[in-house]
Amino acid sequence: MTEPLIVGVMVRTLGAYPSGWRYPGAHADPQTDAAVLRRIARVAEDADLDYLFFGDWLATGPDLEFRDPYLLARIDPLSAALYLAGVTEHIGLIATVNSTYADPYATARATASLDLLTGGRAGINLVTGAEPRAAANHGRDAHADNETRYDRAGEFVRALRLLWESWDADAWIADTATGVLIDADRLRPAAFAGTQVRVEGPLNVARPPQAHPPIVHAGTSPRSRALAAAEADLALIAAGDPAVAAATRAELRALAEASGRDPDDLKVIVPVVPVVAATVAAARAIVDRLLLLVPIDDGASDHARRTAFPQNRSLTSFLDVAEIGPDDPMREASIDDAVPPGTAGRFAEAAAQTLDVVAARTGRDLGGSHPVTWRHLIAAHAVPANFVVGSPQAIADHFELWRDAGATDGFNVLSAFQPAQFEAFTSLAVPELRRRGLIGRSGATLRDRLGLGSPCLLHDSAPAAATGR
Ligand SMILES: Cc1cc2nc3c(=O)[nH]c(=O)nc-3n(C[C@H](O)[C@H](O)[C@H](O)COP(=O)(O)O)c2cc1C
């Protein structure tokens, strides 16, 4: 029988779609994140999903208001994971750490601590970062180039593993009669000296229950793929199309095999935004509203605000606004007629594709009684999303199609807004996914749930330390 898919929750409290926070009833205030984080965690655990996943971004600025509002302000990922460890009992907790800026000893300590405090539920998503502003926030002159970042990331992983193995599982004797607390022979330094990472050790946290908490890696470049293939347990890839994802997954598995691993030990995961409601029409109405809530420069807002919009959010970039209003219906062949001279070709092809997507996702049509408007088109063009829209059956069909195409081993589920859309996913789609056997993993530790088996330890003298609890 085929294994159930891995299903985790990519937690973005302000919602994964940039206008999600504007949806009626949606969470919109980071100062009350604690309550919504607890709610998401409990709902995810009740639905028996595999893990909660916290991304990260090491800088902020007003430009993010329109592009990625959820990045503006949010709880540090390890802190969020630790906080939610206290209100959950079974679910995995994966926190993102940026290896370009993080300190390996502090990271090994924090993740080993999380693993110990949760009985083996910790995981770490190692990224090398794509935000240049992070450099100035960490006392650097510039964000390092791809090669340098991935050289460091490789050393960083090695250092983590060595530090996690500082203590053998049976190093702690605690013999009250003899007064012997530890077996000093079962404690060892990491003694790692790379070109970018140097750390002596040992780690001042005992052996974590999983020995090596699962390592996720998210990235896109060839060096990223090589790192994922050699070191990661989960590779988080970006793909909107099952054929593209299947090709990436096949490449990653081949690279893993070439680096001496069993390719089944590397699970490939894709992000997805299911917009789910009891009926297809209700789900489409949600997408319709989300599109209409995307702030765009339609000529009505004040100058200061208008200059803050990214260029692709401006009606004037595309349209002769004297002739056409944002809420006017689109008509056949209206794209080429409407755009200012010189921009037609650039915009028209993308717009025609987007138009089809908008029509399918909202149930609107061209020129009929329920028409797609220019506002819909510009919003969808400016804010593309990996949406799957529909009833629980449609969501399950999508999951099944991707699995059967060999496109993925699982999904990181994002919700357009919180908590209602996540709760719709768990209450409506999860029972259907379970009924079809598409989800339903078990295991006491995160490694077990992910089907990873015992880790390859670097030190032979610590055979008993692996998972299996
Ligand atoms: C699905 C996915 C999720 C990612 N999540 C994060 C994240 O939370 N924080 C972060 O700094 N970078 C994240 N990244 C960015 C990667 O770290 C990477 O820097 C970026 O994709 C550029 O690719 P490269 O590093 O392979 O050149 C993510 C990438 C992907 C594909």
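Two strands pair if DSSP finds at least two bridges between them. Strands (E, at least two residues) and helices (H or I, at least four) are DSSP runs, numbered from the N terminus.

You are looking at a predicted model, in which local features need pLDDT of at least 70, side-chain atom pairs count only at pLDDT 80 or more, and totals for chains, interfaces and linings use all residues. Residues are numbered from 1 along each chain as its sequence is written, and side-chain values use heavy atoms, leaving out hydrogens and water.

**Stop 1: strand β3.** Select residues 92–98, which form β3. Are they buried or exposed? Here 7 of 7 are buried, meaning under 20% relative accessible area (1.4 Å probe, protein chains only). In a regular strand the side chains alternate between the two faces of the sheet. In β3, G92, I94, T96 and N98 are buried on one side, and L93, A95 and V97 on the other.

**Stop 2: the neighbours.** Add β2 (residues 51–54), which runs parallel to β3 over 4 bridges. Its L52 stands opposite L93. Now add β4 (residues 122–127), paired in the parallel sense with β3 over 6 bridges. There, G123 is the bridge partner of I94. Follow the chain from β3 through helix α4 (residues 104–117) to β4: this β-α-β crossover is right-handed (clockwise from the first strand over the helix to the second, with the strands pointing away from the viewer).

**Stop 3: the ligand.** Which residues come nearest? Of the 18 around the ligand (a heavy atom within 4 Å), they are D56, N146, Y150, T220 and S221. Finally, select helix α6 (residues 146–164), which gives the most to this shell, with 3 residues.

Technical notes: Buried < 20%, exposed > 50% of the residue type's maximum accessible area, 1.4 Å probe, protein only.
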